[in-house]
Amino acid sequence: MIRGAMYVFLAAFLFFNIAEHASVSCALTSELQRKIEEANKKGPYLGLIIPNSFELSPLLQNPGYTPYDTVIDFAGKRFRFGAIGDKPVILVMTGLSLINAGITTQLLLSFFAVEGVVHHGIAGNANPSLHIGDVTIPKQWAHLTLWSWQRHGLGPDDTLPLEDNGDYTRNLGFLKFADFTTNVSDDSSADNQLNNIWYQPEEIFPVDGVPEERQHAFWIPVDSNYYRIAEKLQGLKLESCVNSTTCLSSTPKIQFVKRGISQSIYVDNSAYRTFIYNKFDVSPVDMETASVALICLQQRIPFIAIRALSDLAGGGSAESNEADTFLSIAAANSVTAVIEFVKLLSSH
């Protein structure tokens, strides 16, 4: 409770200062503070963080979700309060991208009494053994678009700028653009002035660490207890038809996978999909989850993500790139899994 009070004080201080020095309308009024305090008395809550409206709407309409009268709007976000089974929950939509997901997650954890976070939605797929409509639950997540872009003419044996200072590393490997050059004859070598991008871990500053003393994280694990509970979802019945005439060729399943990745990039390229699958052994590919995972890691909050597959990124099979057609199935299946997971969590 002391930590929660400190978060509220810090967040209020930041918002009042922003309002004082910039013309914004998200300051904490006394009325807003009162609403937050009253809501927190009914906590702690499980935070449900959802990317977009087409992923939020099926949850709001699901009979397993019971809305409360409380809705709190501030900082451009709407925080909806309710329950799934016996578990009080807060629902909040992030909007697209890692930045929006990060901002929303920090607001949620700073202002409200939250005991854990579940992130759900749809995702692209990098794993050719999985299918549209499958619901993936990875053990780890990473942000894959923090790079050191290497100067042309330098290679794997050359130290990166600021590497000796601990800012960048070659430990995670690289993507060489020349490997994807086309129309190259057998007797010539491919080159490309774009050279190499080296993947980098995030700098993190945990709440229980020394301020301004950085740590690094690349693969962020989900909460081990949440994952054990999620394993009980094996065999959960999922939707396979959009309507009476449009159905998937395979029955969707809950899939427990090794890794997922996030980037502020919509991946619809088979070459890059194949590269990241072979290099990092990833399945779901999205634009938000890693931000949620990193902030939960920094704040020491239990976290898990549940992502249903809407397409095989870049195409390549009979039903590979039908995000527009099967998006509703993916969104509905992710909600089905989330509802059942929260019920299981409540019973534990």
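# Exercises on a predicted model

P44 is part of the loop that runs between α2 (30-40) and β1 (45-50). The structure is a predicted model, and the exercises below are to be worked on it.

**Exercise 1. Find the form of the peptide bond from G43 to P44: cis or trans?**

Step 1. Locate the bond: P44 sits between α2 and β1, in a loop.
Step 2. Read the torsion angle: omega is near 5° for the bond from G43 to P44.
Step 3. State the result: this peptide bond is cis.

**Exercise 2. Find the sign of phi at E212, positive or negative, and say where the residue lies.**

Step 1. E212 belongs to the loop between β10 (202-204) and β11 (215-217).
Step 2. Its phi is about 70°, a positive value, although E212 is not a glycine.

**Exercise 3. Describe how helix α4 and helix α7 pack.**

Step 1. Choose the quantities. Two packed helices are described by the angle between their axes and the distance between the axes.
Step 2. Apply them to α4 (residues 98-111) and α7 (residues 289-299): the angle is about 35° and the axes are 8 Å apart.
Step 3. Give the handedness: α4 and α7 cross in the right-handed sense.
Step 4. List the residues that meet. From α4 come L98, A101, G102, T105, Q106 and L109, and from α7 come A290, S291, V292, I295, C296 and Q299.
Step 5. Sort this contact by class: 7 residues are nonpolar, 5 are polar and none is charged.

**Exercise 4. Work out which strands stand at the edges of the sheet formed by β7, β8 and β9, and why one side of each is left without a neighbour.**

Step 1. Write down the order of the 3 strands, which is β7-β9-β8 in an open sheet with antiparallel pairing.
Step 2. Count partners at the ends. β7 (147-149) and β8 (174-176) each have a single partner strand, so each has one side with no neighbour in the sheet.
Step 3. Add the twist: on average, neighbouring strands of this sheet are turned by 20° against each other, direction ignored.
Step 4. Look at one pair. β8 and β9 (residues 196-199) are joined by 3 bridges in the antiparallel sense, and L175 is placed opposite I197 in β9.
Step 5. Add the helix. α6 (residues 270-280) packs on the sheet and touches β8 and β9, with its direction at about 145° to that of β8.

**Exercise 5. Find the sense in which β13 pairs with β6 and with β14: parallel or antiparallel?**

Step 1. Recall the two options. Strands of a sheet pair through backbone hydrogen bonds, either parallel or antiparallel.
Step 2. Take β6 (residues 135-143) with β13 (residues 254-262): the pairing is parallel, over 8 bridges. Within it, T136 stands opposite Q255 of β13.
Step 3. Take β13 with β14 (residues 282-286): 3 bridges join them, and they run parallel. Here I261 has V285 in β14 as its bridge partner.

**Exercise 6. Count the cavities of 30 Å³ or more and describe the lining of the largest cavity.**

Step 1. The count is 1 cavity of 30 Å³ or more.
Step 2. The largest cavity has a volume of about 30 Å³.
Step 3. Its lining consists of A39, K42, Y45, Y68, T70 and F81.
Step 4. By class, the lining of the largest cavity has 4 nonpolar residues, 1 polar and 1 charged.

How values were computed:
Residues are numbered from 1 along each chain as its sequence is written. This is a predicted model: local features need pLDDT of at least 70, side-chain atom pairs count only at pLDDT 80 or more; totals for chains, interfaces and linings use all residues. Side-chain values use heavy atoms; hydrogens and water are left out. Axes are lines fitted to C-alpha atoms, for helices over the stretch in contact, and angles run from 0 to 180 degrees between N-to-C directions. Helices (H or I, at least four residues) and strands (E, at least two) are DSSP runs, numbered from the N terminus. A crossing is left-handed if the near helix is turned anticlockwise from the far one by less than a right angle, and right-handed if clockwise. Contact means heavy atoms within 4.5 Å. Ala, Val, Leu, Ile, Met, Phe, Trp, Tyr, Cys and Pro count as nonpolar, Asp, Glu, Lys and Arg as charged, and the others, Gly among them, as polar. On a 1 Å grid over the protein atoms alone, a cavity is a set of points where a 1.4 Å probe fits but cannot get out, and a pocket is an open set with protein on both sides within 12 Å along at least five of seven lines; lining residues have an atom within 4 Å of a point. Grid points are joined across faces, edges and corners, and a volume is the space filled by probe spheres set on the points. Two strands pair if DSSP finds at least two bridges between them.
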